[in-house]
Amino acid sequence: MSEGDSVGESIHGKPSVVGAFFTRIGQVYQSWLDKSTPFYVARWAATLLLTAIYMIRVYILQGWYIVTYALGIYHLNLFIAFLSPKVDPSMLDEDDGPSLPTKQNEEFRPFIRRLPEFKFWHSATKGIVIAMICTFFEAFNVPVFWPILVMYFIMLFCITMKRQIKHMVKYRYLPFTHGKRTYKEET
């Protein structure tokens, strides 16, 4: 590699102004993400507010239904990944690696998500922001008959969730902590 080929470096090997600027923006962005990690209620409230603003914008403009449909499919995909275990029990053989307990006396194994909550929130929020940006460009306002998209999305949601719930029942896992048995330490 010749001198100056690295990303963000000028010809003389010093960081370029543009590269340093975007590096700094990335660091500030990551710092804000790190600070927001423990405040999941506030993060999700902000995302719901952003979703409401997006929906109001689409309703007022009476367009960009295909963008909204794509956003819904993207959120459905994220939700399924959020509900799914990191290691799919249907892909494992009985003797191959750890599995979820199937009997009362088996060892407890915690549920590890394929998509953790923070990444779910971050991806969903980024998707809403990108969809909002798309509503500022007429090229993304493809004319479609929106009731068909709504019906297709509802069918897709029902079929996908039915399959996911059957998978959860078959392999006996519950991706939520609410309603699970908890054990208190005796001191």
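## Where to be careful

Over which residues does pLDDT stay under 50? That would be residues 1-5, and the model has 7 contacts beyond four places in sequence for them. This is a predicted model, and where pLDDT is low, the predicted coordinates should not be read in detail. As for the chain as a whole, pLDDT averages 84, with 77% of the residues scoring at least 70.

## The overall layout

The chain has 5 helices and 0 strands, so reading from the N terminus you simply get α-α-α-α-α. Of the 187 residues, 26% are buried. Take the contacts with a separation of 6 or more, and 77% of them turn out to be between residues 24 or more positions apart.

## H3 and its surroundings

Helix H3 covers residues 65-83. With 19 residues at 1.5 Å each, H3 should span 27 Å, and its end C-alpha atoms are indeed 27 Å apart. Its buried residues are Val 67, Thr 68, Tyr 69, Leu 71, Gly 72, Leu 76, Leu 78, Ile 80, Ala 81, Phe 82 and Leu 83. Among the elements covering them are H2, H4 and H5.

## How H3 meets H4

H4 takes in residues 117-134, and its axis comes within 10 Å of the H3 axis, crossing at roughly 175 degrees. An angle over 145 degrees counts as roughly antiparallel, so that is how H3 and H4 run relative to each other. On the H3 side, the contact is made by Val 67, Leu 71, Tyr 74, His 75, Leu 78, Phe 79 and Phe 82. H4 brings Glu 117, Phe 120, Ser 123, Ala 124, Gly 127, Ile 128, Ala 131 and Cys 134. Sort the residues of this contact by type and you have 11 nonpolar, 3 polar and 1 charged.

## H2 and H4: two buried side chains to look up

Thr 47 sits in helix H2, which runs over residues 40-61. Its relative accessible area is 4%, and anything under 20% counts as buried, so Thr 47 is buried. Setting aside neighbours within four places in sequence, Thr 47 is in contact with Trp 121, Thr 125 and Ile 128. Ile 128 also turns up on the H4 side of the contact with H3.

Now find Met 132, in helix H4. Met 132 is buried too, with a relative accessible area of 13%. Apart from neighbours within four places in sequence, Met 132 contacts Leu 50, Ile 53, Tyr 54 and Arg 57. Another pairing to check in the viewer is Met 132 with Trp 64: they are 68 residues apart along the chain, yet their C-alpha atoms are separated by 9.7 Å.

## H5 against H3

Helix H5 is made of residues 146-170, 25 in number. At 1.5 Å a residue H5 should span 36 Å, and the distance between its end C-alpha atoms agrees, at 36 Å. Leu 149, Thr 160, Met 161, Gln 164, His 167 and Met 168 are the buried residues of H5, and they pack against H3.

Gln 164 is one of these H5 residues, buried with a relative accessible area of 7%. What does Gln 164 touch, not counting residues up to four places away in sequence? The list is Ile 80, Leu 83, Ser 84 and Tyr 173. Two of these names, Ile 80 and Leu 83, are also on the list of buried H3 residues. After H5 comes Arg 172, with a positive phi near 50 degrees.

How values were computed
Residues are numbered from 1 along each chain as its sequence is written. This is a predicted model: local features need pLDDT of at least 70, side-chain atom pairs count only at pLDDT 80 or more; totals for chains, interfaces and linings use all residues. Side-chain values use heavy atoms; hydrogens and water are left out. Axes are lines fitted to C-alpha atoms, for helices over the stretch in contact, and angles run from 0 to 180 degrees between N-to-C directions. Helices (H or I, at least four residues) and strands (E, at least two) are DSSP runs, numbered from the N terminus. Angles under 35 degrees count as roughly parallel, over 145 as roughly antiparallel, 65 to 115 as roughly perpendicular and the rest as oblique. Contact means heavy atoms within 4.5 Å. Ala, Val, Leu, Ile, Met, Phe, Trp, Tyr, Cys and Pro count as nonpolar, Asp, Glu, Lys and Arg as charged, and the others, Gly among them, as polar. The expected span of a helix is 1.5 Å times one less than its number of residues. Buried means under 20% relative accessible area, exposed over 50%, partly exposed in between (1.4 Å probe, protein chains only). pLDDT is the predictor's confidence in each residue, from 0 to 100.
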